[in-house]
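Q: Please take a close look at a single part of the structure shown below. I should like a connected account, with the cut-off behind each term.
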Amino acid sequence: MLDEKSAKLILFSAVDPVDTFWQGEVLRSGAINTYQKITRGSAYLKIPDFSQIRNRVLRANVEDLKSEIMAANAEFISSEDLDWPASCQDLSAPPIGLVIKGDRKLLAQLGNSISIVGSRRPTNYGLNVANKLATDAAKQQIVVISGGAYGIDTAAHKAAIIAGGRTISVLAGGVNCLYPLENRELFSEITTAGLLISEVMPSVKTMPARFLIRNRLIAALSVATVVVEAEFVSGSIRTARDAAEIFRPVFAIPGQISSKLSDGCHRLIAERVADIATSLDEILEVIKPLQLR
């Protein structure tokens, strides 16, 4: 007899995180009930990918899935776990579960975190700002969350580690299929000095569509999101909007009005999605009043 967490693991392995219908169904009906309806085959007949999902569910073996995750030195967590990041439930389609690798104790520190995101091709100005923000955050024992990509993400992770702080990378693929490959050493350092979080099984490869889905997790896991540099249309802007949609504070770093990489930040400020920030202290004034520091 499956328990709720085991049913979630099966569904987690069978459902792509870009498929918000199934995530919503688990939230509404529960994993066991959803699993049973799928295996019976009489429900969901009008859902386009139902036959594929049902085949994957019927082939899935809980013990094999657990072994695959264990072999990756990772763990599967769900809302049945006491340290499940409850902030994920603020999303309209929360993850069915998460695969984590590294220091699990960091999950208890998410209430003291910020996400730092931005361009993969930043200017020196952007890199300097990301370095300063992450360094200052680490010195104040604030967990730095980002996406492990080139540019601003990498700068934020590295600065936090160098400053002796803790950092979390939310991946767009599995913990065995790290992307970008050039950041493998960084991901290894994060596993030691922080945590890798993924919404797919360990061997699932990164796909373009998963980056935008991943961004909503970055927004949900952190207390506030800071956009350092971003073009007018970019993944970082999507992260900021994801954060705003679940009523998280959003901050944008202003830049030169002639810089394309500041267009996105200026857009967020102009549209009242983000507040202007020029330092960590300005951010903390909003998210962490002085009397609580």
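The answer starts from the sheet and then turns to the pockets, the helix contacts and the backbone.

A: The model is predicted, so local features require pLDDT of at least 70 and side-chain atom pairs pLDDT 80 or more, whereas totals for chains, interfaces and linings use all residues. Residue numbers run from 1 along each chain as its sequence is written, and side-chain values rest on heavy atoms, without hydrogens or water.

The sheet is open and has 9 strands, ordered β1-β2-β6-β5-β4-β3-β7-β8-β9 with mixed pairing. Its edges are β1 (75-77) and β9 (275-276), each of which pairs on one side only. Strands (E, at least two residues) and helices (H or I, at least four) are DSSP runs numbered from the N terminus, and two strands pair if DSSP finds at least two bridges between them. At the β1 edge, the partner is β2 (residues 98-102), joined in the antiparallel sense over 3 bridges. Within this pairing, Ile77 has Leu98 of β2 as its bridge partner. Helix α9 (residues 208-221) packs on the sheet and touches β2, β3 (113-117), β4 (143-146), β5 (167-170), β6 (194-198) and β7 (224-227). The direction of α9 makes about 150° with that of β5. Here contact means heavy atoms within 4.5 Å; axes are lines fitted to C-alpha atoms, for helices over the stretch in contact, with angles from 0 to 180 degrees between N-to-C directions.

Helix α9 also takes part in the largest pocket, where its 6 residues are the largest contribution to the lining. The elements giving two or more residues to this lining are α9 and α10 (235-245). The pocket has a volume of about 360 Å³ and is lined by 22 residues, with Gly118, Arg120, Ser234, Gly235 and Ser236 nearest its centre. Its lining divides into 9 nonpolar, 7 polar and 6 charged residues. (A pocket is an open set of points on a 1 Å grid over the protein atoms alone, where a 1.4 Å probe fits, with protein on both sides within 12 Å along at least five of seven lines; lining residues have an atom within 4 Å of a point. Points are joined across faces, edges and corners, and the volume is the space filled by probe spheres set on them.) As to class, Ala, Val, Leu, Ile, Met, Phe, Trp, Tyr, Cys and Pro count as nonpolar, Asp, Glu, Lys and Arg as charged, and the others, Gly among them, as polar.

The edge strand β1 returns in the second largest pocket, to whose lining α1 (4-14), α5 (62-71) and β1 each supply at least two residues. This pocket has a volume of about 180 Å³. Its lining consists of Lys5, Ser6, Leu9, Lys66, Ile69, Met70, Ala74, Glu75 and Phe76, that is, 5 nonpolar, 1 polar and 3 charged residues.

The two helices of that lining also meet each other. The axes of α1 and α5 come within 10 Å and cross at roughly 75°, which makes α1 roughly perpendicular to α5. (Angles under 35 degrees count as roughly parallel, over 145 as roughly antiparallel, 65 to 115 as roughly perpendicular and the rest as oblique.) In α1, Ser6, Leu9, Ile10 and Ser13 face Val62, Leu65, Lys66 and Ile69 of α5 in this contact, which comprises 5 nonpolar, 2 polar and 1 charged residues.

Two backbone details belong to loops beside the sheet strands. Pro180, in the loop between β5 and α8 (184-193), is joined to Tyr179 by a cis peptide bond with omega of about 0°. Gln141, in the loop between α6 (124-139) and β4, has phi near 60°, a positive value in a residue other than glycine.
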